[in-house]
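Work through the exercises below with the sequence and the 3D view open. Each task is followed by a solution in steps.

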Amino acid sequence: MVRNRSTVKITPGLFLQPYILDQLVGGLMQRIVGPSAVTGSEFAVTSCIDSTGPTTPTELGHLLGVSLTTLSATIDRLVKKGLLRRVRHPDDGRSYLVELTDAGNAANHDCFGRFKVEMEAVRANLEGDADEILAGMRVLEAALRKTLES
């Protein structure tokens, strides 16, 4: 017997709910970056660098929760696109910093206008306090980081 899927209800748990959110945020990110020179993950990297200033890949990977292998590939793509550059680390000759180029700043700015529109729409549709929801997400992030470190 096949169940009528329209009547099946699930309550996503601590792993499924973030997965669902990731998929939905990914859809919005596609709308944001669609006409630009960057992908959603590249926009996350350029936005983070725009906020932090020049940073090491290790610091950037930690902030974004991305493995260095994945981040390295993203950095390589952004360097090839002329949106990022690697510069010598002033305190550690074995390391480098990544920073936005003028073209990277322009691409980031291009996406940011659409990002702001989508963020305002999400906030308008949000039932509940945005700061409280974000605080709960940060609690889950901290728990996930601790779990991965153990």
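**Exercise 1: A threonine and its neighbours**

Task: Find which residues threonine 74 touches, leaving out residues up to four places away in sequence.

Solution. Threonine 74 touches Glu42 and Val45 once residues up to four places away in sequence are set aside; contact means heavy atoms within 4.5 Å. The model is a predicted one, in which local features need pLDDT of at least 70 and side-chain atom pairs count only at pLDDT 80 or more, while totals for chains, interfaces and linings use all residues. Residues are numbered from 1 along each chain as its sequence is written, and side-chain values use heavy atoms, with hydrogens and water left out. Next, place the residue: threonine 74 is in helix α4, residues 68–80. Helices (H or I, at least four residues) and strands (E, at least two) are DSSP runs, numbered from the N terminus. Last, classify the residue: threonine 74 counts as buried because its relative accessibility is 6%. The classes are buried under 20% relative accessible area, exposed over 50%, and partly exposed in between (1.4 Å probe, protein chains only).

**Exercise 2: The overall layout**

Task: Describe the secondary structure of the protein and the pattern it follows along the sequence.

Solution. Count the elements: there are six helices and two strands. Read along the sequence, they give the pattern α-α-α-α-β-β-α-α. For the extent, the C-alpha trace spans about 65 × 40 × 35 Å along its principal axes. Of the 150 residues, 23% are buried. Among contacts between residues at least 6 apart in sequence, 52% join residues at least 24 apart.

**Exercise 3: Salt bridges**

Task: State which residue forms a salt bridge with glutamate 42, and where in the chain the two partners lie.

Solution. A salt bridge is a side-chain nitrogen of Lys or Arg within 4 Å of a carboxyl oxygen of Asp or Glu. The search of the whole structure finds eight salt bridges. In one of them, glutamate 42 pairs with lysine 81, with 2.7 Å between the closest N and O atoms. Glutamate 42 is in helix α2 and lysine 81 in the loop between α4 and β1 (84–88), so this pair links distant parts of the chain, 39 residues apart. Now compare the classes: glutamate 42 counts as buried at 1% relative accessibility, whereas lysine 81 is partly exposed at 39%.

Another of the bridges joins arginine 114 to aspartate 110, the closest N and O atoms being 3.2 Å apart. Both residues lie in helix α5, four residues apart, about one turn of the helix. Elsewhere, bridges that share partners join Glu42, Arg77 and Lys81 into one network.

**Exercise 4: Aromatic pairs**

Task: Count the aromatic pairs and describe the geometry of phenylalanine 43 with phenylalanine 115.

Solution. A pair of aromatic rings is described by the distance of the centres and the angle of the planes. Rings of Phe, Tyr and Trp (its six-membered ring) pair if their centres lie within 6.5 Å; planes under 30 degrees apart count as stacked, over 60 as edge-to-face and the rest as tilted. This rule gives two aromatic pairs. Phenylalanine 43 and phenylalanine 115 have 6.0 Å between centres and 65 degrees between planes, an edge-to-face pair. Phenylalanine 43 is in helix α2 and phenylalanine 115 in helix α5 (residues 102–125), so the pair ties together parts 72 residues apart in sequence. Phenylalanine 43 counts as buried at 3% relative accessibility, and phenylalanine 115 is partly exposed at 25%. Phe43, Phe112 and Phe115 form one aromatic cluster.

**Exercise 5: The buried face of α3**

Task: Name the buried residues of helix α3 (residues 57–64) and say what they pack against.

Solution. The buried residues of α3 are Pro57, Leu60 and Gly61. Seen down the helix axis, they fall within an arc of 100 degrees, so they line one face of the helix; the arc is that of the directions from the helix axis to the C-beta atoms. These residues pack against α2 (40–52), α4 and β2 (96–100). Just after α3, glycine 65 takes a positive phi of about 70 degrees.
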